[in-house]
Amino acid sequence: MLSFEGGHPNVTHRATGDIPARELRVAFEELGPTFIKLGQLLSTRADLLPAEYRSELSKLQDAAPAAPFDAIRETVDSELPGGVAGAFAEFDPAPLAVGSVGEAHAAVLHDGTRVVVKVRRPGVVELIEQDLEIIGNLAARASRRSAVAATFDVIGLAHEFGSELRGQLDYVREACNAERFAANFAGADGVHIPRVFWELTSSRVITLERLDGAKITDLNALQAAGVDRGELARSAALTMGEMVFVHGFFHGDPHPGNFFVEANGRLGIIDFGIVGSLQDDLRAKVQRILLALDRRDPDRLAAALIAVQERTGGVDREALRDDLASSIIGYVGSEASDVSLGGLIRALLDVVRRQRLRIPRDLSLLLRTVLLEEGIVAGLDPEFQLISVLGPYARRHMLSGVSGPALSDRLQEAGVDLAEMVTDLPGHVRSALRVLDDGGFDVHLRASELEPLMARAERLGNRIALSILAAAAIDAATRRQAWGRGRMARRGGAGRR
């Protein structure tokens with residue numbers, strides 16, 4: 001049985017770190033579709049696994065033997081009005097693609113429209129629910145026996161994985177994702193999202209417009225079509241920037257098979273089962289991380305990671321800052337055009353894992369997406385640097401609420417600092433109030449911890465305002481502690497009476 005303490009079906013008492021990465025991948029393959037999906041999820045989590053394990057698990061293919069066509073026909077007949085014959089003029093029994101959850105078939109509607117029909121595999125829900133129960137039990141066992149597993153909240157990870165996988169079983173959810181992308185890019189001539197045919201869609205079947213074109217990695221086909229690969233790389237990067245920084249909703253599985261280049265040069269995108277969503281607060285924190293990477297600034301990067309991480313308990317800021325500094329020192333002083341964003345992100349994620357930080361699922365998914373996207377654009381144009389598009393994109397959208405286009409570069413830098421401070425403040429206030437509610441706190445200040453904040457205040461020319469804010473906070477804390485002591489004293493007096 002597979003566990004967090006023994007990763008091969010025949011080995012139950014070896015530490016996961018002792019299991020060769022390839023052996024772990026083979027174990028997941030042998031255990032079936034749920035564990036293949038689990039391995040794929042773990043391959044995206046650099047905060048949990050080292051690079052060699054992530055690389056090996058990323059090789060897991062979401063594939064399976066084709067189901068008997070009679071079973072596929074039975075599903076379609078039970079889900080769609082009129083069944084296969086009533087809904088489609090043509091339906092190819094041989095699948096275009098087969099995955100562990102479903103398979104896709106080419107079809108033609110009665111009006112001649114070419115479509116793709118995805119059908120959920122018979123019996124897959126029951127199998128996955130059994131496996132998810134096993135994974136939940138293993139997570140609970142690991143959390144009891146391993147402090148490291150408890151630190152990383154493996155029970156929470158198991159629940160997160162189960163929720164994500166159940167979402168992929170529901171094709172109505174995927175259809176809604178596709179329509180949301182279509183609405184977001186409704187005015188973009190360079191992006192094509194397939195139409196959803198709702199009358200031929202259910203939780204077990206989804207019917208989508210079929211897109212034609214060359215795979216984005218088929219360089220020979222692109223050259224034959226006269227596509228400007230440099231312009232295509234820039235278009236793909238800008239599309240990603242729009243998803244992340246404008247819409248806050250991005251494609252979470254940008255492997256080459258999900259991107260097509262149509263004859264007119266338009267970028268076609270398919271497969272919306274895995275998506276990421278960034279609410280305003282997390283989006284602002286992602287912008288800060290990207291800007292800190294762009295500047296190769298370990299102090300800003302440490303502050304941004306502390307703001308975003310989910311681990312309970314304190315973080316050693318100095319150790320984090322030093323680890324970041326040593327990891328990105330090779331990039332310091334380099335021009336943006338010479339920097340691999342993927343290299344910076346890999347270095348960052350190695351630090352996250354070493355420092356045992358816990359980052360949100362959507363941020364982890366986004367960083368994986370950036371790595372995949374950089375590989376795609378680098379294949380199109382080796383000279384193109386993704387950070388040259390995403391860095392300024394993040395800066396523009398972070399500054400949009402604090403400065404206008406006429407401000408000088410220096411004022412914009414100050415605006416970034418101010419935006420970061422404003423983003424941090426509500427979280428700090430909530431944390432302080434929680435501590436006060438629990439009975440107050442002792443204040444221990446070290447000069448090294450104040451240096452980043454004071455440096456930022458100097459850049460803003462706001463030392464006076466900061467002093468007033470600090471004095472007000474201390475006064476409020478003192479008053480609240482006094483109020484709390486008075487309330488306890490009154491309770492004690494009442495008890496004596």
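**Cavities, rings and helices, term by term**

Modeller: Start with the helices around the largest cavity: H11 (229-247), H12 (280-295), H15 (341-354) and H16 (361-380) each put at least two residues into its lining. Bear in mind that this is a predicted model, where local features need pLDDT of at least 70 and side-chain atom pairs count only at pLDDT 80 or more, while totals for chains, interfaces and linings use all residues. Residues are numbered from 1 along each chain as its sequence is written, and side-chain values use heavy atoms, with hydrogens and water left out.

Biologist: What makes H11, H12, H15 and H16 helices with those numbers?

Modeller: They're DSSP runs: helices are H or I with at least four residues, strands are E with at least two, and numbering goes from the N terminus.

Biologist: And why call that space a cavity and not a pocket?

Modeller: On a 1 Å grid over the protein atoms alone, a cavity is a set of points where a 1.4 Å probe fits but cannot get out, whereas a pocket is an open set with protein on both sides within 12 Å along at least five of seven lines. Lining residues have an atom within 4 Å of a point. The whole-structure search turns up two cavities of 30 Å³ or more. The largest holds about 130 Å³, where grid points are joined across faces, edges and corners and the volume is the space filled by probe spheres set on the points. Its lining has 15 residues, with Phe245, Val286, Leu290, Leu366 and Val370 nearest the centre.

Biologist: How do the residues of that lining divide into nonpolar, polar and charged?

Modeller: The split is 14 nonpolar, one polar and no charged. Nonpolar covers Ala, Val, Leu, Ile, Met, Phe, Trp, Tyr, Cys and Pro; charged covers Asp, Glu, Lys and Arg; the others, Gly among them, are polar.

Biologist: What does the lining of the second largest cavity have by class?

Modeller: That one has a volume of about 80 Å³, and its lining has eight nonpolar, three polar and one charged residues. Its lining includes Thr239, His251, Thr369 and Glu373. By the classes above, Glu373 is therefore a charged one. H11, E8, E10 and H16 each give two or more residues, and H11 gives the most, with four.

Biologist: Why is the ring pair of phenylalanine 181 and phenylalanine 249 called tilted?

Modeller: Rings of Phe, Tyr and Trp (its six-membered ring) pair if their centres lie within 6.5 Å; planes under 30 degrees apart are stacked, over 60 edge-to-face, and the rest tilted. That rule gives five aromatic pairs. Phenylalanine 181 and phenylalanine 249 sit 4.7 Å centre to centre with 35° between the planes, so they pair and count as tilted. They join distant parts of the chain: phenylalanine 181 is in H9 (171-184) and phenylalanine 249 in E8 (249-251), 68 residues apart. Phenylalanine 181 also pairs with phenylalanine 272, again tilted, at 5.3 Å and 35°. This second partner is in the loop between E10 (267-269) and E11 (275-277), 91 residues from phenylalanine 181.

Biologist: What makes arginine 180 a charge over a ring?

Modeller: The rule wants NZ of Lys or CZ of Arg within 6 Å of the ring centre and within 35 degrees of the ring normal. Arginine 180 lies over the face of phenylalanine 249, 3.9 Å from the ring centre.

Biologist: How do you know that H15 spans what it should?

Modeller: The expected span is 1.5 Å times one less than the number of residues. For the 14 residues of H15 that comes to 20 Å, and its end C-alpha atoms are 20 Å apart, so the two agree. H12, with 16 residues, reaches 23 Å, close to the 22 Å expected.

Biologist: Why is H15 described as mostly covered?

Modeller: Ten of its 14 residues are buried, meaning under 20% relative accessible area, with exposed over 50% and partly exposed in between (1.4 Å probe, protein chains only). In H12 it's 13 of 16.

Biologist: Why is arginine 356 called partly exposed, and histidine 110 exposed?

Modeller: Arginine 356 has a relative accessible area of 38%, so it falls in the in-between class. Histidine 110, at 54%, is therefore exposed.

Biologist: What makes the phi of arginine 356 worth a look?

Modeller: Most residues other than glycine have a negative phi. Arginine 356, in the loop between H15 and H16, has a positive one, near 55°. Aspartate 271 also has a positive phi, near 70°.
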